[in-house]
Amino acid sequence: MKSMIRLAAAAALAFVLAPAASAETVKVGVITTMSGPFASLGQQMDQAIKLYMKLHAKDVEPHKIEIVLRDDTGPAPDVAKRLAQELITRDRVHMLSGVVFTPNAHAIAPLATEAKMPLVIMNAGTSVTTTLSPYFARVSFTLWQSSYPMGQWAQQAGIKSVFTAVTDYGPGHDAEAAFIKGFTEAGGKIAGSVRMPVANPDFVPFIQRAKDANPEAVFTFVPAGRQATAFMKTFAERGMREAGIRLIGPGDITTDEELPSMGDVPLGVVTVHHYSAAHDSPTNKAFQAAWKQEYGANAVPGFMAVGAWDGMHAISHVIKQLNGKIDGDKAMALLKGWKHESPRGPIMIDPDTRDIVQNEYIRRVEKLGNANANIEIGVIPAVKDPWKVFNPPK
Amino acid sequence: MALHPIDHFAAGHRLRPIELLPWALAVGYFFLPNANLPLGTEILIWALFALSLDLVLGYTGIVSLGHAAFFGIGAYAAGLAARWLGWTEPISALLFAGLVAGAAGIVSGMIVLRTHGLTLLMLTMAVAVMLKEIANKLGWLTGGADGLQGIVIDPVLGLYRFDMFGRTSYVYALVVLFLAWIVARRIVHSPFGRGLVGIRENATRMSAIGSPVMRRMVTVYAISAALAGVAGALLAQSTRYVTLNVLSLEYSGDVLIMLVLGGMGRLYGAFAGATVFLVLRDELSKISPAYWGFGIGLLLVATVLFARGGLLGLVDIALARIRGKRS
């Protein structure tokens, strides 16, 4: 009897002395594209998240991050929406992240708002996206950020007429509008414009039309990854360079991870973008080295990986500050104005728009040792999303 | 003891208790504490879509690789009506979508059903591809590849709001599927339905005995199109989003796979196929987000090789074995 009482007392004592700041497990639902033609994009994201977890999971101790990864199969908003619904209501995640494609982010927006669920966008780059839910924050980029300065640069570089060819969906429309505005404001002339279908396009007729218009340069945006490589090859096969027509665009068309499969075709192509694997900074060198150690000497992390990497940093910042107890509104307050030294350079989440503020670099594809790389030849510091500057909220 | 043909006919029409099993399961699932209702809703919608295909493929023998055309027309009819015309009342919009898809079924049926075999297959596919391209080109109307956003749907009957947990969607889809099932069941057991089976088995003979083959085919094609359109509208209303996917070849293919998987020409094959396909896809993609397609493919190959009647065909064989042993 006595021993029983002692045991009970000991149990009660243990209960009382349990640490007050208990270790929380924060579940983060990641919706990304792991299968289908765009699988390579989601895989970069997934690899970056895994690498982050391996190297930085300890940053949030005593708390834990649990990643729940789901495949949205590509630009499929209905699937993305259902996955978000499941992650919120069944898996009971505390935060959402990922999202390669704009339409998928748009489908999730009403859910995020209803559930007060913070979503850290790791890619989807249409300007309007962050205005669709107060619980969206973006750590990637917008097409306006790269394409508007691209237009200004093209005019300054002495290019007088440009033909635009973009993929026919949100980001493509943004890239087209931004470039045309930047270029024509500076006095350039648009020789013509085409929009190319999102799914399995054959680029030959579009490039032929561009050639017939005889511009000095073609501005193009296609989704990063295999499509960009296909476009590049068709561009070379159609003899555009021989016809004296240059290729320019946002960095999506010469992503670092696709450069090895493009051969020497893109040499001399000038792009404007926020990240190059060849960016010269200690943070980037460390990031590249960690990546190569984990995934092999030939593996190259591109902007998709950096977006996911920085997204994870933003998420762990929130977890640390909130001591593992995630609240939608408090999390958003912490994300607003969050500053970070990223492999791409200094970044900040704009407190007013929850969109990314970052440097944009003018780069040219050049030989670097045996491989081709996006070599930075100029920088435009701390670029806010120009679309939001031109279209202030009413 | 052989049944008289008339008795046999009546026996098929009579409701067997086992036919209520899927409904009991579906209703029971709703009350499970951890029910995945968004997935459940998706299964119900695809079951309706597969059921519509069963009428033309399983019962009439019309092979279609473009049934998503009608699914998509229904989805866009409901979506566009809500988005641009302010037609936010769900039930009437559902009927409207069914009518539009049915009308499209009559028009395209009158053209494509003049052919058969490979030509028919290609034509059904061509219709869907053309519609998808039209929807893509009319970006100002349909949102193009970005999808149709900003759809608002009123609460069902003015009472039940479409909630985040998918409760309303699930019950709504279940009721619609049940009504559609009654219609489909009535059709296949009617003399008209028997005529369809006759067309499937031997169309020349059917016309020789004076059956209006073409008219019957167009009629069932239109009914099937209407049901597919209702399924599409259900998807549009429950996700409040319509994308070009609803007209895609993938959707036409998926619904075909579901039907083959479950078993054609038996109404319930649609239920079994949709459930197995979508649950498997969900589970497999949780295990391996990148390679889940492999598992589905394997199952399909196994079904086609070893179970020609689909999963329900396997059940039939098993039941026949048990009965055979008993007697």
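How many residues does the contact take from chain B, and how many from chain A? Chain B puts in 23 residues and chain A puts in 29. Keep in mind as you look around that this is a predicted model.

Stay on the chain B side for a moment. The elements of chain B that give two or more residues to the side touching chain A are helix H3 (37-59), helix H11 (213-239) and helix H14 (292-306). H3(B) gives the most, with 3 residues. Sort that side of chain B by class and you get 10 nonpolar, 11 polar and 2 charged residues.

Now move over to chain A and its domains. The domain assignment splits chain A into domain 1 (25-141 + 281-354) and domain 2 (144-273 + 360-390). Their centres, taken over C-alpha atoms, are 27 Å apart. Where these two domains of chain A touch, domain 1 supplies 19 residues and domain 2 supplies 20. On the domain 1 side, helix H2 (39-56), helix H4 (102-115) and helix H11 (303-321) of chain A each give two or more residues, and H2(A) has the largest share at 3 residues. That side of domain 1 divides into 10 nonpolar, 8 polar and 1 charged.

Chain A also has an open sheet of 5 strands, running E2-E1-E3-E4-E5 with parallel pairing. Strand E2 (64-71) and strand E5 (136-138) of chain A sit at the edges with a single partner strand each, so one side of each has no neighbour in the sheet. On average, neighbouring strands here are turned by 25° against each other, direction ignored. For a close-up, find strand E1 (25-32) and strand E3 (95-98) of chain A, which pair in the parallel sense over 4 bridges; A:Gly29 stands opposite A:Leu96 in E3(A).

Methods:
Residues are numbered from 1 along each chain as its sequence is written. Chains are lettered from A and ligands numbered from 1 in the order in which they are written. This is a predicted model: local features need pLDDT of at least 70, side-chain atom pairs count only at pLDDT 80 or more; totals for chains, interfaces and linings use all residues. Two residues are in contact if their C-beta atoms, placed from the backbone, lie within 7 Å. Ala, Val, Leu, Ile, Met, Phe, Trp, Tyr, Cys and Pro count as nonpolar, Asp, Glu, Lys and Arg as charged, and the others, Gly among them, as polar. Two strands pair if DSSP finds at least two bridges between them. Axes are lines fitted to C-alpha atoms, for helices over the stretch in contact, and angles run from 0 to 180 degrees between N-to-C directions. Domain bounds come from an automatic or database domain assignment.
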